[in-house]
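Dear colleague,

I am passing on a structure that I have been going through, and I would be grateful if you could look at it alongside the notes that follow. The file comes first, and my reading of it comes after.

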Amino acid sequence: MGWLPAQGRLAAGLLVNLAASICIVFLNKWLYVRLGFPNLSLTLVHFAITWLGLYLCQALGAFSPKSLQPAQVLPLALSFCGFVVFTNLSLQSNTIGTYQLAKAMTTPVIVVIQSLAYGKTFPLRIKLTLVPITLGVFLNSYYDVKFSVLGMAFATLGVLVTSLYQVWVGAKQHELQVNSMQLLYYQAPMSSAMLLFIIPFFEPVFGEGGIFGPWTLSAVIMVLLSGIIAFMVNLSIYWIIGNTSPVTYNMFGHFKFCITLLGGCLLFKDPLSVNQGLGILCTLFGILAYTHFKLSEQESNKSKLVQRP
């Protein structure tokens, strides 16, 4: 996009991320609901295409791989594998609204993990924003007419593992002095190898319902497209963070959150009661307040660093 002016590149990057982030949710849901494509196998396709995409990126000079020991990346690859699998199982088993709101619980869980395991302290105003987030998720789940115990179990596991992964990613990037693409370049193939070993125990490999089953050409194309879009999401997030402010990235994330919820109601006819709507608004308010306070805190810290002699 070098021929575009700076504002044009920014708009194009945001549009790519918007389209990819929304499409991946709806496309995966369609593959699970309409085609019955196996969950772990789809995750394996995503990991494989992500690694191939990163290999092309480093070959084109987008980033330089850093030599890392497998033991240094193994815990991260395990949690990466777990969070994607459980998040996809949550999407498969829940409505898109419940799936999206459950993901919002990642923020409170990260705060708890960092407080208990790392001794990090948070201002009272940050802690208070977690109340409407949690309350909103509870309201939506309680009044969800398609409530599934199994779906909520997957959502809970997804939130726990995702929170651990996000905490560990930050720590590992600092410890190993690598960026997210360099880390993902090692994670993706290791996570793929783990899934290759696990899949035969949980899903058929050949025959009806297996990854190498008698799928139609259109189904195969949709699965590969899902993998490509998943890679585009990762790549565009990395680009946006590097080329915009945290405010832009977070506000854009809230916009995607609302569009995805709306799309779930329109495309998959997910029922939405008044109480669920209140739960969504409550969670969105908490997320916006949390983002505002965190960004204010970051700006305040930057100002102190600049003023320090």
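**Confidence and overall layout**

The mean pLDDT of the protein chain is 80, and 83% of its residues reach 70 or more. Please keep in mind throughout that this is a predicted model. Among the elements of the chain, helix α2 (residues 39-59) has the highest mean pLDDT, at 91, whereas helix α10 (residues 246-267) has the lowest, at 64. Where pLDDT is low, the predicted coordinates should not be read in detail.

An unreviewed UniProt entry lists residues 12-32, 44-61, 73-91, 97-117, 149-171, 183-202 and 214-241 under "transmembrane region". I looked at two of these ranges in the model. Over residues 183-202 the chain is 100% helix and 0% strand, with the end C-alpha atoms 28 Å apart, while residues 97-117 are 95% helix and 0% strand, with 31 Å between the end C-alpha atoms. Helix α4 (residues 96-104) is mostly covered, since eight of its nine residues are buried, and these are Ile96, Gly97, Thr98, Tyr99, Gln100, Leu101, Ala102 and Ala104.

**The core and helix α8**

The largest nonpolar core has 30 residues, and those with the most contacts inside it are Leu54, Phe80 and Leu195. Helices α2, α3 (70-93), α7 (149-176) and α8 each supply at least two residues of this core, and the largest share, nine residues, comes from α3.

Helix α8 (residues 180-202) has a kink of about 30° at Leu196, shortly before the proline Pro200. The buried residues of α8 include Leu183, Leu184, Met194, Leu195 and Ile199, and also polar ones such as Gln182, Gln187, Ser191 and Ser192. Ser191 lies 8.9 Å from Ser79, C-alpha to C-alpha, although 112 residues separate the two in sequence. Ser79 is located in helix α3 and counts as buried, because its relative accessibility is 6%, under the 20% cut-off.

In the loop between α7 and α8 lies Gln177, whose phi is near 55°, a positive value in a residue other than glycine. Most residues other than glycine have a negative phi, and most peptide bonds are trans. The relative accessible area of Gln177 is 55%, and this residue therefore counts as exposed, the cut-off being over 50%.

**Aromatic pairs and cysteines**

The count of aromatic pairs comes to 11. One of them joins Tyr185 and Tyr186, whose ring centres are 5.8 Å apart and whose planes stand at 85°, so the pair is edge-to-face, as angles over 60 degrees are classed. The two neighbours fall into separate exposure classes: Tyr185 is buried, with a relative accessible area of 13%, whereas Tyr186 is partly exposed, at 23%. Both belong to one aromatic cluster, which is formed by Trp51, Tyr55, Phe63, Tyr185 and Tyr186.

Finally, how many disulfides does the model contain? The count comes to zero. Of the cysteines, I checked the exposure of two: Cys57 is buried, with a relative accessible area of 12%, and Cys282 is likewise buried, at 18%.

With best regards

Key:
Residues are numbered from 1 along each chain as its sequence is written. This is a predicted model: local features need pLDDT of at least 70, side-chain atom pairs count only at pLDDT 80 or more; totals for chains, interfaces and linings use all residues. Side-chain values use heavy atoms; hydrogens and water are left out. Rings of Phe, Tyr and Trp (its six-membered ring) pair if their centres lie within 6.5 Å; planes under 30 degrees apart count as stacked, over 60 as edge-to-face and the rest as tilted. Buried means under 20% relative accessible area, exposed over 50%, partly exposed in between (1.4 Å probe, protein chains only). UniProt positions are given in the numbering used here, feature names are shortened, and annotations may be inferred rather than shown by experiment. Helices (H or I, at least four residues) and strands (E, at least two) are DSSP runs, numbered from the N terminus. A disulfide is a pair of cysteine sulfur atoms within 2.5 Å. pLDDT is the predictor's confidence in each residue, from 0 to 100. The bend at a residue is the angle between axes fitted to the seven residues ending there and the seven starting there. A nonpolar core is a set of buried Ala, Val, Leu, Ile, Met, Phe, Trp, Tyr and Cys residues joined through side-chain atoms within 4.5 Å.
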